[in-house]
Amino acid sequence: MRTRLFPAIILTALLAGCGNIQGQLDNEKISSLRYDSVECPALIAQRSRAAAEVSRLTNGQGYQDPNVIVGLGPILPDYRAENQKKAGVLQGQVESMSRSIDRRKCGTPA
């Protein structure tokens, strides 16, 4: 019994160390505090450029997190296309910039 499971255990261990998709998705979520030191007009412009790049990379469809079966994220490799990976990183930046802008009320009259 144990010898039959050994190849599956080895395969699972190898896949878990090969840039799993859940780890990559977690790395795309970043703190908005890193943008709090950027001036509001510059941050709004930076966010607009990043959002435009996401739109370009996804052919105008916008970025969507891949559907990963619950529990398999740590053992599945990152199977997304290169453009989707780049769009995911940029989308994480756009979202964190938006949170910083909202929190500081940039662009809102005082």
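Begin on helix α3 by selecting Pro41, Arg49 and Arg56: these residues are exposed, on the other side of the helix from its buried ones. Bear in mind throughout that this is a predicted model.

Next, select the whole of α3, residues 40-57. The helix has 18 residues and spans 26 Å from its first C-alpha to its last, close to the 26 Å expected at 1.5 Å a residue.

Now colour Leu43, Ala50, Val54 and Leu57, which are the buried residues to look for in α3. Turn the view to look down the axis: the buried residues fall within an arc of 65 degrees, so they line one face of the helix.

What lies over that face? Show α4, residues 82-104, which is part of what covers the buried residues of α3. Pick Leu90 and display its surroundings. Beyond its neighbours within four places in sequence, Leu90 is in contact with Ala50, Glu53, Val54 and Leu57.

Widen the selection to the largest nonpolar core, which has 14 residues. Leu43, Ala50, Tyr63, Leu90 and Met97 have the most contacts inside this core. Helices α2 (21-28), α3 and α4 each supply at least two of its residues, and α4 gives the most, with five.

Finally, move past the end of α3. Thr58 sits in the loop between α3 and α4. Is Thr58 buried or exposed? Its relative accessible area is 6%, under the 20% cut-off, so Thr58 counts as buried. Leaving aside neighbours within four places in sequence, Thr58 is in contact with Tyr63, Gln84 and Ala87. Stop at Asn59, which follows α3 and has a positive phi, near 55 degrees.

Definitions and conventions:
Residues are numbered from 1 along each chain as its sequence is written. This is a predicted model: local features need pLDDT of at least 70, side-chain atom pairs count only at pLDDT 80 or more; totals for chains, interfaces and linings use all residues. Side-chain values use heavy atoms; hydrogens and water are left out. Helices (H or I, at least four residues) and strands (E, at least two) are DSSP runs, numbered from the N terminus. The expected span of a helix is 1.5 Å times one less than its number of residues. Buried means under 20% relative accessible area, exposed over 50%, partly exposed in between (1.4 Å probe, protein chains only). The arc is that of the directions from the helix axis to the C-beta atoms. Contact means heavy atoms within 4.5 Å. A nonpolar core is a set of buried Ala, Val, Leu, Ile, Met, Phe, Trp, Tyr and Cys residues joined through side-chain atoms within 4.5 Å.
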